[in-house]
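Got the viewer open? Here is a short tour, one selection at a time.

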Amino acid sequence: AGGNLYVQVPIKRSEGDFAHLGETFNKMTTELRLNQNRLIEANQQMDERRAFTAAVLDGVPAGVVGLDAGGNVTVVNPAACALLDKGEADVVGGALVEVAPELLPVMAEAERTRLYHGQASLTRRGRERILNVRVAREAAGGRVVTLDDITELVTAQRTAAWADVARRIAHEIKNPL
């Protein structure tokens, strides 16, 4: 791996088997050099893709958690860490249902289908959050879990519903008068 793959052995046709051995050696080092260059290029492309994916995940406002086939967290973005109230080091490598046991019912339902959508309540630091949870199964058996905090939306919907109830009750009270 650390050798000089640009070395070529001089070949003298008059040397017979040694010439053939030299040709074989030169061909081998050339092929090794080409394969090494292809591997280096493939690794660079993978690193670029990994960096691009990390940048995309960092910019997504929804929490994104990648799971392997065993349910262990392999990747997590900052939004998911904030929702789970944990650091990346505390989440990656552990089972998602241990990091956030509140997601266990959703994850159990998600086992039955390729794409699942549900809701879960998550309590952190005394504050309850309502999450929209989407779970998508990858071809390799892993899962991608997205978490959207819809607490404010649900609160606004409840407030609107109570305002509507209050308006109807006020109308019913005024009617007989």
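Start with Arg 134, and keep in mind that this is a predicted model. Show what surrounds Arg 134: beyond its neighbours within four places in sequence, it is in contact with Tyr 116, His 117, Val 144, Val 145, Thr 146 and Asp 148. Arg 134 sits in strand E4. Buried or exposed, or something in between? Arg 134 counts as partly exposed, because its relative accessibility is 30%. Now add Val 64 to the selection: its C-alpha atom is 9.6 Å from that of Arg 134, although the two are 70 residues apart along the chain.

Next, zoom out to the sheet. In what order do the strands of the open sheet lie? Five of them run E2-E1-E5-E4-E3, with antiparallel pairing. At the edges you'll find strand E2 (73–76) and strand E3 (115–124), each pairing on one side only. From one strand to the next, the twist averages 25°.

Walk across it pair by pair. Select E3 and E4, which are antiparallel and share 10 bridges. His 117 is one to label here, since its bridge partner in E4 is our starting point, Arg 134.

Move over to E4 (residues 127–137) and E5 (residues 143–149), an antiparallel pair joined by seven bridges. Two spots to label: Val 133 has Leu 147 as its bridge partner in E5, and Asn 132 stands opposite Asp 148. Then follow the hairpin of E4 and E5 round, through the five residues between the strands, and stop at Gly 141, where phi is positive, near 100°.

On to strand E1 (residues 63–67), which runs antiparallel to E5 and is joined to it by five bridges. Here Gly 66 stands opposite Val 144 in E5. Before leaving the sheet, switch on helix H6 (residues 151–174): it lies across E4 and E5, at about 120° to E4.

Now for the charged pairs. How many salt bridges does a search of the whole structure find? There are nine, and a few deserve a click.

Select Arg 125 and Asp 85, whose side chains meet in a salt bridge at 2.9 Å, N to O. Arg 125 is in the loop between E3 and E4, while Asp 85 is in the loop between helix H2 (78–84) and helix H3 (88–91), so the pair ties together parts 40 residues apart in sequence. Arg 125 is exposed, at 75% relative accessible area, whereas Asp 85, at 33%, counts as partly exposed. While you're there, check the backbone: E3 and E4 form a hairpin with two residues between them, and Arg 125 in that turn has a positive phi of about 55°.

Next, pick Arg 129 and Asp 149, a salt bridge of 4.0 Å, N to O. Arg 129 lies in strand E4 and Asp 149 in strand E5, so this pair links parts 20 residues apart in sequence. At 19% relative accessibility Arg 129 counts as buried, while Asp 149 is partly exposed at 37%. Then select Asp 164, Arg 167 and Arg 168, which salt bridges with shared partners join into one network.

For a pair within one helix, go to Arg 50 and Asp 47, with their closest N and O atoms 2.9 Å apart. Both lie in helix H1, three residues apart, about one turn of the helix.

Last stop: select Val 7, Val 9, Phe 25, Met 28 and Leu 32, which make a nonpolar surface patch of about 380 Å². Val 9 is in the segment before helix H1 (17–59), and it counts as partly exposed at 34% relative accessibility.

Note on methods: Residues are numbered from 1 along each chain as its sequence is written. This is a predicted model: local features need pLDDT of at least 70, side-chain atom pairs count only at pLDDT 80 or more; totals for chains, interfaces and linings use all residues. Side-chain values use heavy atoms; hydrogens and water are left out. Two strands pair if DSSP finds at least two bridges between them. Helices (H or I, at least four residues) and strands (E, at least two) are DSSP runs, numbered from the N terminus. Axes are lines fitted to C-alpha atoms, for helices over the stretch in contact, and angles run from 0 to 180 degrees between N-to-C directions. Contact means heavy atoms within 4.5 Å. Patches are made of residues with over 30% relative accessible area and no salt bridge: like charges are joined within 9 Å, nonpolar side chains (Val, Leu, Ile, Met, Phe, Trp, Tyr) within 5 Å. Accessible areas come from the Shrake-Rupley method with a 1.4 Å probe; for residues, only the protein chains shown count as cover. Buried means under 20% relative accessible area, exposed over 50%, partly exposed in between (1.4 Å probe, protein chains only).
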